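Got the viewer open? Then grab the mouse and let's take a walk through this fold, one selection at a time.

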Amino acid sequence: MMKKEQAYILFVALFIGGYVAGRVTAPKTSGVAPGAVAAAPGAEVAQAAAPGAPVAPAGALTSEPPPPPPPPPPPAPTAAAGAPSGEGQVWRATLHDTDPKLGPDTATVKILVLSAFGCAQCTEFAGHMKKARDKYGDKVQWRFKHKIIPPQHPDSALASEASMAANAQGKFWEYHDKLMANSFSIDRLSLERYAQELGLNMAKFKKALDDHTYRGVLARDSVLANEIGAHSFPNILANGMRIGKEKTHEQLEQLIDAQLERAQKLLADGATAANLYEKAIEGGKFFPQYETPQQSFNTSNSPTLGPKSAKVELVVFEDFECPFCSKLAPSLKLFQKNNPNEVKIVYKHMPLESIHQNAMLASEASMAANEQGKFWEYHDKLYDNQQSLDRASLDRYAEELKLDMAKFKSALDTHKFKGAIQADMNEGQNAGISGTPTVYLNGYKYAGPRGYPPEGLEGVARMYLGM
């Protein structure tokens, strides 16, 4: 017979073991609402507690939700028809008539070099590229795409514009090689000196730089880089397939050899010299730089900047107390300034009252200024002084702009424009907007290069909207 002490110990052990097993297998309650979506980086999101919802006291412990299940494995990359085993993802890398190119159009492999001037990695790769140019000759066509976002050097964009001015005179590759050989001497004087050394028509060359004739090409190329996930410098694709992470001469030759072999298989399957590249990138992956569905907004009473007949209507939902909006505002105005006849900015109010206590009154004040024809001047003052948006400061900004103060103060005292602001907020909410800033180009939500650089906005407008 079991002794009393042994029985007691066995009973305690069984009780503890059962308790632990129950805790492990019992379901836990997640603190995340079903369907909740994380806010996009770089946007401020309105937060509001449900009416009557209890609030945990400061320092209170809350039940920690279980870790999320591991994500499903990514789908296998789409290999193009005839691709050798193990070949990577195919990308829809678009060619343009304005691309500087070297080699015949009949070449079976077309290589896109998405690169920048003033970039150390790009300079190193240019040497590998020159060796490959000599080795493969007319079997390969090289095409240069300008990747100026993010800028690799303060004069990257200007150097790219200069290279396109040289391209217009049939000397792109000679100029390209000079820039790569002098990668950190690409100021305006140096750019002109290289043009003189190549015997270019200097009047035409200088005019192209002064007028920024090729800015649109640069913007479009940089957005294409975003579209095909070409984020590193430089980025190389041959017939839609990207070079490996190590951009060595050996890796480049392996890529070219594989694509020459693949091109022959595509030709054997019925492709022609004229459509081989399109067959090679058929079904390729890409990331559109705007989102659907297209939205429609009532802009009849909104502050605008630019002509009514503008080809591109840029609708922006902003909050005057949002730090991201203050960073965006100069880019929007520069985009419009660079394209004064083709772009119109429409301002829509989206004050996030749950986190910005002064945002609503600031919006009302801006509309009171708009009534007196000074919206954009007042808009700039609000963003320049985001930490001072109390009533006294709002009145002071109006005085500095020499507004009719009696009229201005009356509009704020009576909340004359609160209804119009609420109408904007309702439109934004109906469109699914929950954070600021949010930008639409002709009703399509901008999803281009992060930070809303003016080149990104222009590139999206040129690629998708025919600007």
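Is H128 buried or exposed? Keep in mind that you're looking at a predicted model, then select H128 and check. H128 counts as buried, because its relative accessibility is 17% and the cut-off for buried is under 20%.

**Stop 1: around H128**

H128 sits in helix 2. Show what surrounds H128: leaving aside neighbours within four places in sequence, the contacts are K247, T248, H249 and L252. Now colour the whole of helix 2, residues 120–136. Helix 2 lies across strand 2, strand 3 (109–115), strand 4 and strand 5. Compare directions with strand 4, and you'll find helix 2 running at about 160° to that strand.

**Stop 2: the five-stranded sheet**

Next, show those strands as a cartoon. They belong to an open sheet of five strands, in the order 2-4-3-5-6, with mixed pairing. Which strands stand at the edges? Strand 2 (101–102) and strand 6 do; each has a single partner strand, so one side of each is left without a neighbour in the sheet.

A quick bit of background: strands of a sheet pair through backbone hydrogen bonds, either parallel or antiparallel. Zoom in on strand 5 and strand 6 for an antiparallel pair, joined by two bridges. To see one of the partnerships, pick A238 and look for its bridge partner M241 in strand 6.

**Stop 3: F144**

Stay in this sheet and select F144, which lies in strand 4 (residues 140–146). How much of F144 is accessible? Its relative accessible area is 0%, so F144 is buried. Turn on the residues it touches, not counting those up to four places away in sequence: D99, P100, V113, S115, F117, F172, W173, H176 and D221. Try a distance label on one of them, S115: F144 and S115 are 29 residues apart in sequence, yet their C-alphas are 7.3 Å apart in space.

**Stop 4: helix 4**

F172, W173 and H176 were among the contacts of F144, and they lead us to helix 4 (residues 172–181). The buried residues here are F172, W173, Y175, H176, L179 and M180. Look down the axis: these residues cover an arc of only 155°, which puts them on the same side of helix 4.

**Stop 5: N239**

Now jump to the loop between strand 5 (235–238) and strand 6 (241–242), where you'll find N239. Although N239 is in a loop, it counts as buried, at 1% relative accessibility. Show its side chain and look for two polar neighbours. A polar atom of that side chain lies 3.0 Å from the backbone oxygen of T108. The backbone nitrogen of K110 lies 2.8 Å from a polar atom of the N239 side chain. Other residues touching N239 include V109, Q259, R262, L276 and Y277.

**Stop 6: the six-stranded sheet**

Time to move to another sheet. This one is open too, with six strands in the order 7-13-12-9-10-8 and mixed pairing. At its edges are strand 7 (290–291) and strand 8 (304–305), each pairing on one side only.

Pick out strand 9, which is mostly covered: six of its seven residues are buried. Strand 9 runs parallel to strand 10, and seven bridges join the two. For two examples, E313 has K344 as its bridge partner in strand 10, and E318 has H349.

Add the helices that lie across these strands. Helix 10 (residues 323–338) lies across strand 8, strand 9, strand 10 and strand 12 (438–441), at about 165° to strand 9. Helix 12 (residues 375–384) lies across strand 8, strand 9 and strand 10, at about 60° to strand 10.

**Last stop: helix 15**

Finish by selecting helix 15 (residues 418–430). Its 13 residues reach 18 Å from first C-alpha to last, close to the 18 Å expected at 1.5 Å a residue. Which of its residues are buried? I421, D424, M425, E427 and G428 are. Seen down the axis, they fall within an arc of 160°, so they line one face of helix 15. What do they pack against? Their partners are strand 9 (312–318), strand 10 (343–349) and helix 11 (359–371). Step just past the end of helix 15 to G432, which takes a positive phi of about 90°.

Methods
Residues numbered from 1 in each chain as written. Predicted model: local features only at pLDDT ≥ 70, side-chain atom pairs only at ≥ 80, totals over all residues. Heavy atoms only, no water. Helix = DSSP H or I, 4+ residues; strand = E, 2+ residues; numbered from the N terminus. Buried < 20%, exposed > 50% of the residue type's maximum accessible area, 1.4 Å probe, protein only. Contact = heavy atoms within 4.5 Å. Polar contact = N/O pair within 3.5 Å; in protein donor to acceptor, adjacent residues only side chain to side chain. Arc of directions from axis to C-beta. Expected span 1.5 Å × (residues − 1). Pairing = 2+ DSSP bridges. Axes fitted to C-alpha atoms, helices over the stretch in contact; angles between N-to-C directions.
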